[in-house]
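Hi,

Here is the structure I said I would pass on. Have a look at it first, and then read on for what I found.

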Amino acid sequence: MTVSVDSTTSATANWAAAANPSASTDPAGTGNPSATADPAGVLRPHAEHAFAAELAALAGQDDRPRPQRWKLSPWAVATYLLGGTLPDGTVITPKYVGPRRIVEVAVTTLATDRALLLLGVPGTAKTWVSEHLAAAVSGDSTLLVQGTAGTPEEAIRYGWNYAQLLAHGPSRDALVPSPVMRAMAEGMTARVEELTRIPADVQDTLITILSEKTLPIPELGQEVQALRGFNLIATANDRDRGVNDLSSALRRRFNTVVLPLPESAEAEVDIVSRRVDQIGRSLDLPTGPEGIDEIRRVVTVFRELRDGVTADGRTKVKSPSGTLSTAEAISVVTNGLALSAHFGDGVLRAGDIAAGILGAVVRDPAADRVIWQEYLETVVRERDGWKDFYRACREVSA
């Protein structure tokens, strides 16, 4: 017997309603629509709310074939992620700065019956890309399972309302669907973050779901069969501690797309600048061209320590234990903006980012501190135009 599971807490929101502050939607699920109708009041809106106008513009001009239950065609989804200008002049801002082919492969994977695994070192925008793909494809990025060492099997399959279960036994009313089950029943895109942090036996719960597109409910003698449009995006990295390798059976069910670090320093500066500007506006922090030099310094330091060689290729340097990812660079600059706004003159300076860089680089107090001091004395100290940066870093490192 096949059962269709209706979600009583679906977070799906209409793009037009999300773009209209007067709409009576409640994306935060607080039960108070008037308090949450305006996405600007949310600290970190979901992608489908933050970029509702762009998604609506794309949907309005998208005349290409769409897979069943997709909000946009594959071409429009790729345009949403990579940016572009529509025929009516609407500018779509880039959400991902990187090789176009990577995005195209990811989108076409979702249009097939293969699940998508976004793989890469920490800070390569796996979660960011996953969220925006789900928002563009299904209009809802909230069908999410967050992977941790304690993620239970119920988070992927289903759980039970134990009050109902004890009172009436196993029943449809007592069943609590997981985000994956809801996505299957509604033909939408589910997301599993940090798949390799989930214990191996729980990971393998996905095998039947991805191969048979079916989720058995043996307690009820029923099953949920995925509707067309269902797919799953998982993210994973193999650099952090606490990682569980995927079984070969599960890995075969995914099409793996590796998200690389930015190829050039300018590309990374562009990524950091865009995200810092977005975050800064949401936090009412000052942003402007005055801070681009400090952003370029942060990116240069991170890339040199990450690569083990200076940008000119002349000097080898030791790499610290941290990943020094683009995401960490964004965090350092954002924290620097907050310092300059609240305790400075509003202009991002070397002193505002020095402490953030120290915290990102020195993860191992013994070994990393030696590496950082050596880098300061042999590279930063001798670099033209970096005297203020050198002094600021020396001051916070003392």
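Leaving aside residues up to four places away in sequence, Arg303 touches Pro262, Glu263, Ser264, Ala265 and Glu268. One of these contacts can be pinned down further: the side chain of Arg303 reaches the backbone oxygen of Glu263 at 3.0 Å. Arg303 itself sits in helix α14, residues 292-307. Is Arg303 buried or exposed? Its relative accessibility is 13%, so Arg303 counts as buried, the cut-off being under 20%. Before I go on, please keep in mind that this is a predicted model.

Ile371 makes a nice companion case. This residue belongs to helix α17, residues 367-380, and it also counts as buried, at 13% relative accessibility. With residues up to four places away in sequence not counted, Ile371 touches Lys318, Ser319 and Pro320. For Pro320 I also have a C-alpha separation: 6.5 Å from Ile371, with the two positions 51 residues apart along the chain.

Now for the chain as a whole. There are 18 helices and 11 strands, and buried residues make up 47% of the 398 residues. Of the contacts with a separation of 6 or more, 70% are between residues 24 or more positions apart.

On to the sheet. Five strands form an open sheet with parallel pairing, in the order β4-β7-β10-β3-β11. Which strands stand at the edges? They are β4 (144-146) and β11 (254-258); each has a single partner strand, so one side of each is left without a neighbour in the sheet. On average, and with direction ignored, neighbouring strands here are turned by 20° against each other.

Inside that sheet, β3 (residues 115-119) and β10 (residues 231-236) run parallel and are joined by four bridges. If you want a spot to zoom in on, Leu116 stands opposite Ile233 in β10. Two helices that pack on the sheet are worth a look as well. Helix α7 (residues 126-138) touches β3, β7 (189-193) and β10, and its direction makes about 170° with that of β7. Helix α9 (residues 179-186) touches β4, β7 and β10, and here the angle with the direction of β7 is about 160°.

There is also a hairpin, formed by β8 and β9 with four residues between them. In its turn, Gly221 has a positive phi of about 65°. The pairing of β8 (residues 214-217) with β9 (residues 222-225) is antiparallel and runs over four bridges. Among the pairs, Pro216 stands opposite Glu223, and Leu215 has Val224 as its bridge partner. As you know, side chains in a regular strand alternate between the two faces of the sheet. In β9, Gln222 and Val224 are on the covered face, while Glu223 and Gln225 are on the uncovered one.

Next, a helix pair. Helices α15 (residues 326-343) and α16 (residues 350-361) pack at an angle of about 145°, with their axes 8 Å apart. The crossing of α15 past α16 is right-handed. Which residues meet there? From α15 they are Val332, Gly336, Leu339 and Ser340, and from α16 they are Asp352, Ile353, Gly356, Ile357 and Ala360. By class, that contact has five nonpolar, three polar and one charged residues.

Last, a couple of backbone oddities to check when you go through the loops. Most residues other than glycine have a negative phi. Arg69, though not a glycine, has a positive phi of about 70°. Arg69 is in the loop between α4 (52-61) and α5 (74-82) and is partly exposed, with a relative accessible area of 37%. Ala125 is another non-glycine residue with a positive phi, near 75°. You will find Ala125 in the loop between β3 and α7, and at 29% relative accessibility it counts as partly exposed.

Cheers

Notes
Residues are numbered from 1 along each chain as its sequence is written. This is a predicted model: local features need pLDDT of at least 70, side-chain atom pairs count only at pLDDT 80 or more; totals for chains, interfaces and linings use all residues. Side-chain values use heavy atoms; hydrogens and water are left out. Two strands pair if DSSP finds at least two bridges between them. Axes are lines fitted to C-alpha atoms, for helices over the stretch in contact, and angles run from 0 to 180 degrees between N-to-C directions. Contact means heavy atoms within 4.5 Å. A crossing is left-handed if the near helix is turned anticlockwise from the far one by less than a right angle, and right-handed if clockwise. Ala, Val, Leu, Ile, Met, Phe, Trp, Tyr, Cys and Pro count as nonpolar, Asp, Glu, Lys and Arg as charged, and the others, Gly among them, as polar. Buried means under 20% relative accessible area, exposed over 50%, partly exposed in between (1.4 Å probe, protein chains only). A polar contact is a pair of N or O atoms within 3.5 Å; within protein, one must be able to donate a hydrogen and the other to accept it, and residues adjacent in sequence count only if both atoms are side-chain atoms.
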